[in-house]
Amino acid sequence: MTFELPFHEKIYSDQMNLAFNLAWKTNLKKNKRRLYWGIPSLLFGVFQIFLENYLGFLFLGLGLHYLINYFEFYNFYRTRKRTYFNMVTSEIGKQKEVAINTVWEFNDEYFAVRDYIHDIKIKWSGFESFSIIENTLLLYLNYHTSPSYTISKTELEETDFEKIIAFLETKIGHSRTKQ
């Protein structure tokens, strides 16, 4: 099966936003826990110090530690998010400028993608799994934890999307659970 897909800015932006959110989801949850532990520890520590219990300094230090780590990670996340979406915006500009369709090929022996920069063929053994989240097919290579290739249902006919999924089930064999 071969599909020639024109570039759609909104679809590409949605795919990149989904990929970014999936990549950061776990770490953002962990960071939120720091806030949930930091504030009560800090407040308990201040309360204990107010009661002249010096054990409160331990909780005060623990709370400050959690809160400092929370804000350090939050700043790191914001910087990475800004950098990532600047790169996405840059790629959108390049895609619009060259106006070349992307070709996706699902062959019995390999998967291929051709765009204005790449001409890639990957054997099916190079893929770990696939998943479908928010009507977007995500293909994961063996050595990546984030999706390597994304294609949305809106880019294809619905029957073609279903054919691709059935084909991937025979080639990759399993899909990830929805995240």
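Ala 99 is found in the loop between α2 and β2, and in this predicted model that's a handy place to start looking around. The backbone here does something a bit unusual: Ala 99 has a positive phi of about 50°, even though it isn't a glycine. For context, most residues other than glycine have a negative phi. As for its surroundings, Ala 99 counts as exposed because its relative accessibility, 62%, is over the 50% cut-off.

A second case turns up further along. Asn 135, in the loop between β5 (127-133) and β6 (136-141), also isn't a glycine, and its phi is positive too, near 60°. Asn 135 has a relative accessible area of 47%, so it falls in the partly exposed class, between the 20% and 50% cut-offs.

Now for the strand that follows the loop of Ala 99. Thr 102 lies in strand β2. Is this residue buried or exposed? Thr 102 is buried, because its relative accessible area of 16% is under the 20% cut-off. Its company, once the neighbours within four places in sequence are set aside, comes from two stretches of the chain: Phe 3, Glu 4 and Leu 5, plus Val 113, Arg 114 and Asp 115.

Asp 115 shows up again in the largest pocket, where it is among the residues that lie nearest the centre, together with Tyr 12, Met 16, Ser 148 and Thr 150. In total, 31 residues line this pocket, and the space inside comes to about 990 Å³. Four elements each give two or more residues to the lining: α1 (9-50), α2 (56-98), β2 (102-106) and β7 (149-152). Which of them gives the most? That would be α1, with eight residues. Sorted by character, the lining has 20 nonpolar residues, eight polar ones and three charged ones. In general, rolling a probe the size of a water molecule over the atoms shows where empty space is left.

Helix α2, one of the contributors to that lining, is also home to Gly 63. With a relative accessibility of 0%, Gly 63 counts as buried, because that value is under 20%. Beyond its neighbours within four places in sequence, Gly 63 is in contact with Gly 38, Ser 41 and Leu 42. Some distance along the chain comes Thr 89, 26 residues away from Gly 63, and the C-alpha atoms of the two are separated by 39 Å.

Stepping back, what does the whole chain look like? The protein chain has three helices and seven strands. From the N terminus on, the order is β-α-α-β-β-β-β-β-β-α. With 179 residues, a compact globule would have a radius of gyration near 16 Å, but this chain comes in at 23 Å. The C-alpha trace spans about 75 × 40 × 25 Å along its principal axes.

A few totals round off the picture. Buried residues make up 35% of the 179 in the chain. The accessible surface adds up to about 11,400 Å², and carbon and sulfur atoms account for 56% of that area. What share of the contacts with a separation of 6 or more comes from residues 24 or more positions apart? The figure is 58%. The contacts of Thr 102 with Phe 3, Glu 4 and Leu 5 are examples of residues from well-separated places in the sequence meeting in the model.

Conventions:
Residues numbered from 1 in each chain as written. Predicted model: local features only at pLDDT ≥ 70, side-chain atom pairs only at ≥ 80, totals over all residues. Heavy atoms only, no water. 1 Å grid on protein atoms, 1.4 Å probe; cavity = no way out; pocket = protein on both sides within 12 Å on 5 of 7 lines; lining within 4 Å. Points joined across faces, edges and corners; volume = space filled by probe spheres on them. Nonpolar A, V, L, I, M, F, W, Y, C, P; charged D, E, K, R; others polar. Rg over C-alpha atoms; globule rule 2.2 N^0.38 Å. Buried < 20%, exposed > 50% of the residue type's maximum accessible area, 1.4 Å probe, protein only. Contact = heavy atoms within 4.5 Å. Areas by Shrake-Rupley, 256 points an atom, 1.4 Å probe, with all protein chains shown as cover.
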